[in-house]
Amino acid sequence: MKDIKIESILTVFDNLDELPKAIITLMLEAVKARDKAYAPYSKFHVGAAILLDNQEIVTGSNQENASYPSGLCAERTAAYYAGAKFPNAKMLKIAITAASQNQKTESPIPPCGACRQALAEYEVKQKEPIDIYFMGETGKVVRSKSLANLLPLVFDKSSL
Ligand code: THU
């Protein structure tokens, strides 16, 4: 018997201005996408922007549904759109932001488990890490250099 220690290192920035210009630009695209969210039920608006290696930026927002489970998160909306439109492009970076209509979202909002699994699929497929940045509406930004950091013990094609 032995224990396995799993360690993830994340970087926390005090605000968006501390980040390089290219990341600020990507995050501002995510903010624009967030403003297009369709979230009449949760009032929680999420935007995601993905930078591809062909230099395209693909964005998405959460799209809710009266049949709640039929809705989709911002990250998967963006990732699946990127995968559908540019199937051969690698996903280099993703910026995520969330804002609630009920309260100020000042702490960074990480991608949910299902979105981590979806993004992990592309990271495994492209054999290159996806650089992830997430924040609330304002305030701190968290960076993870790879999806593997956010989803240790990933279930992927190697198990099939
Ligand atoms: N949501 C996202 O868009 N991304 C996440 O990673 C977490 C949750 C959305 C789904 C739903 O429309 C709303 O936020 C509340 O859960």
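Ala, Val, Leu, Ile, Met, Phe, Trp, Tyr, Cys and Pro count here as nonpolar, Asp, Glu, Lys and Arg as charged, and the others, Gly among them, as polar. With those classes, the shell around the ligand has six nonpolar, two polar and two charged residues.

This is a predicted model, where local features need pLDDT of at least 70, side-chain atom pairs count only at pLDDT 80 or more, and totals for chains, interfaces and linings use all residues. Residues are numbered from 1 along each chain as its sequence is written, and side-chain values use heavy atoms, leaving out hydrogens and water.

Who surrounds the ligand? Taking near as a heavy atom within 4 Å, the neighbours are Ser-42, Phe-44, Val-46, Asn-62, Glu-64, Cys-73, Ala-74, Glu-75, Pro-111 and Cys-112.

Polar contacts, meaning pairs of N or O atoms within 3.5 Å, include these:

| Ligand atom | Protein partner | Distance |
|---|---|---|
| oxygen | Glu-64, side-chain N or O | 2.5 Å |
| nitrogen | Glu-75, side-chain N or O | 2.8 Å |
| oxygen | Cys-112, polar backbone atom | 2.9 Å |

The protein covers 76% of the 370 Å² of accessible area that the ligand has on its own, by the Shrake-Rupley method with a 1.4 Å probe.

Finally, the record: UniProt, in an unreviewed entry, places "domain: CMP/dCMP-type deaminase" at residues 21-158, an annotation that may be inferred rather than shown by experiment.

How values were computed. A polar contact is a pair of N or O atoms within 3.5 Å; within protein, one must be able to donate a hydrogen and the other to accept it, and residues adjacent in sequence count only if both atoms are side-chain atoms.
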